[in-house]
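Me: Could you take a close look at one part of this structure for me? I'd like to get to know the sheet, strand by strand, and then hear how the other chain fits into the picture.

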Amino acid sequence: MAVKFDVQNLNAWFGSKHVLKNINMKIEENAVTAIIGPSGCGKTTFIRCLNRMHEITPGARVSGKVIFNGVNIYDNGVDPVIIRRKIGMVFQKPNPFPMMSIYDNVAAGLKLNGVRDKKILDAAVRRSLELANLWDEVKDDLKKSGASLSGGQQQRLCIARALAVQPEVLLMDEPCSALDPIATAKIEALIRKLAENYTVVIVTHNMQQAARVSDYTAFLYLGELIEYGPTEQIFENPKHELTERYLTGKFG
Amino acid sequence: MDYYKVRVVKNHLVQFLVYLALFSALVPLFSMLYEVVARGFSTINIEFFIKPTPTVGEIGGGVANAIQGTLITIGLASLIGVPIGLMSGIFLSEYGELKLSAAVRFLHDVLNGVPSIVIGVFAYTLITRSIGFSVTAAAFALAIIMIPIVTRATEEALKLVPMSIREAAIALGIPRWKTTITVVLSGAKKAIVTGILLSIARIAGESAPVLVSMGFWRWWFAGLNRPVANLALNIFIFAMSPFENWITLAWGSALVLILLVLGISIAARVLTKGRY
């Protein structure tokens with residue numbers, strides 16, 4: 001298996017608060033990597049460092065390297081806009097563009113990057129919605145507002161929107177935390193399907209979810225990477241005492 | 001002592017005072033509106049809307065030139081004031097973390113509090129003295145009055161757009177400026193248009209800065225370096241004149257101006273409807 005991200009000595013701050021401490025890890029290509037850990041341990045900050053979203057928060061700062069496809073994305077001269085097109089992101093709360101239709105939501109990334117050809121847009125919208133398992137539910141309502149969908153549908157719409165620009169990686173920040181169990185099951189099935197062609201990094205609060213969907217699991221605690229390895233090994237045979245105590249519910 | 005009765009009496013007393021205050025606030029408003037409508041309505045006929053200001057001693061005439069002039073002045077002022085106000089509002093909301101923005105915000109508050117006649121004198125010094133009493137000078141003065149209003153309305157409207165919407169766009173690899181002008185502005189469109197309409201309603205009735213920078217004019221539009229007629233100035237000049245016919249036209253102008261402002265305010269209300 002190939003390495004998609006090689007994270008080296010990654011540190012991140014909000015103002016003077018040191019939230020990520022010397023993270024070193026390699027993320028596999030076309031696999032699902034789950035980031036788990038108690039609230040405030042830096043999970044979200046970590047994935048926001050992978051597509052340079054961390055730095056849009058005022059006062060936020062990063063040091064270290066994130067090597068993506070052989071290039072350090074924090075090198076001078078690397079345009080974060082280009083990086084973000086290759087590394088898509090899905091957020092905790094579904095956030096479709098409220099003034100746009102379902103079609104325009106999915107096409108937004110392409111349209112705003114200059115694609116005008118209706119045929120290309122139509123094909124991309126259909127392909128992305130099918131990939132996100134949403135096409136059959138919305139194909140007759142593409143002109144309706146994206147905000148008119150249910151929470152689970154909105155989240156799949158956001159996944160379709162992220163997929164439409166043909167990224168290589170999908171970062172997911174607790175994508176199911178605002179959803180009911182049925183919608184969650186659909187998203188989890190979708191994540192497994194996406195792993196065939198995409199590298200997925202998912203932050204989750206839900207340990208069962210990490211066990212169900214991921215190939216690799218990383219456990220973060222107070223901004224440090226405590227343990228990282230194949231999901232089975234982490235859950236069945238954790239090497240670190242902290243990991244075991246967290247997984248068995250002794251804290252967190 | 002029966003506290004219950006005392007409380008009932010107090011309650012009625014306070015209620016009475018509140019209604020009294022409401023009544024005394026509404027009486028002048030309605031008596032003014034009534035007077036303008038009653039007196040103005042009788043002057044309105046077709047001639048009133050198609051004829052320009054009559055010369056002294058002439059019978060009839062209208063305010064057509066003043067309506068034309070007011071619209072031109074407002075239009076020119078908006079052409080200058082809206083883009084600047086809109087851009088400043090975007091700057092304050094989207095780049096608000098810079099040190100400069102605190103200063104910009106403060107200066108807009110100061111500008112908003114400057115008496116309009118002072119702005120008129122500023123326009124006089126800067127423009128009137130070089131190109132003469134003109135519609136350009138008046139539009140410049142009115143644009144300066146508009147800018148802080150449009151800026152504040154834009155900033156407030158943009159701040160209501162949730163951060164998650166901006167993040168969604170930025171994460172798609174859309175450059176920041178494009179995120180702002182497409183996703184963010186479209187989410188705040190209605191509120192911004194409302195703010196612009198209200199600023200137009202405000203400048204439509206301004207008279208002092210127009211008088212200082214442009215002055216009174218009885219004819220049609222004659223070029224950007226000449227004055228135009230103006231509804232607010234019509235009221236001022238006509239009402240002070242000793243001529244019966246002009247005084248009648250002053251009432252008519254007042255009615256047209258009130259209807260114009262009312263119309264803009266209603267448009268603003270309609271546009272904001274259904275936002276929540």
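Reply: Here is a walk through the sheet in chain A, followed by a look at chain B and the contact between the two chains. Keep in mind that this is a predicted model.

Let's start with the layout. The sheet is an open one made of 6 strands of chain A, and reading across it you meet β6, β7, β8, β3, β9 and β10, in that order. The pairing is mixed. As for how strands hold on to each other in general, they pair through backbone hydrogen bonds, either parallel or antiparallel. From one strand to the next, the twist averages 15°.

Now the edges. β6 (87–90) and β10 (224–230) of chain A each have a single partner strand, so one side of each has no neighbour in the sheet. For β6(A), pairing with β7(A) (residues 169–173) is parallel and runs over 4 bridges. If you want a spot to click on there, G88(A) sits opposite L170(A) of β7(A).

Step inwards and β7(A) meets β8(A), again in parallel, with 5 bridges joining the two. Here L171(A) has V201(A) of β8(A) as its bridge partner. On to β3(A) (residues 32–36), which runs parallel to β8(A) and is joined to it by 4 bridges. In that pair, V32(A) is partnered with V200(A) in β8(A).

β8(A) itself deserves a pause. This strand covers residues 199–203 of chain A, and 5 of its 5 residues are buried, so it is largely enclosed by the rest of the structure. In a regular strand, side chains alternate between the two faces of the sheet. Both faces of β8(A) are covered: on one side you find T199(A), V201(A) and V203(A), on the other V200(A) and I202(A), and all of them are buried. Two of these names should ring a bell, since V201(A) is the bridge partner of L171(A) and V200(A) that of V32(A).

Now for chain B. Its secondary structure comes to 11 helices and 0 strands. With a radius of gyration of 23 Å, well over the 19 Å that the globule rule gives for 276 residues, chain B is more spread out than a compact globule. Its C-alpha trace spans about 75 × 70 × 35 Å along the principal axes. Buried residues make up 40% of the chain's 276 residues. Of the contacts in chain B with a separation of 6 or more, 74% link residues 24 or more positions apart.

Chain B also splits into domain 1 (3–43) and domain 2 (50–272). Their C-alpha centres lie 33 Å apart. Where the domains meet, 6 residues of domain 1 of chain B are in contact with 7 of domain 2. The domain 1 side of that meeting place has 3 nonpolar residues, 2 polar and 1 charged.

Finally, the place where the chains touch. Chain A puts 22 residues into the contact and chain B puts in 16. On the chain B side, α7 (163–171) and α8 (176–204) each supply at least two residues. The largest share there, 6 residues, comes from α7(B). Sorted by class, that side of chain B has 8 nonpolar, 5 polar and 3 charged residues.

Terms used: Residues numbered from 1 in each chain as written. Chains lettered and ligands numbered in written order. Predicted model: local features only at pLDDT ≥ 70, side-chain atom pairs only at ≥ 80, totals over all residues. Contact = placed C-beta atoms within 7 Å. Nonpolar A, V, L, I, M, F, W, Y, C, P; charged D, E, K, R; others polar. Domains from an automatic or database assignment. Rg over C-alpha atoms; globule rule 2.2 N^0.38 Å. Buried ≥ 20, exposed ≤ 12 C-beta atoms within 10 Å, placed from the backbone. Pairing = 2+ DSSP bridges. Axes fitted to C-alpha atoms, helices over the stretch in contact; angles between N-to-C directions.
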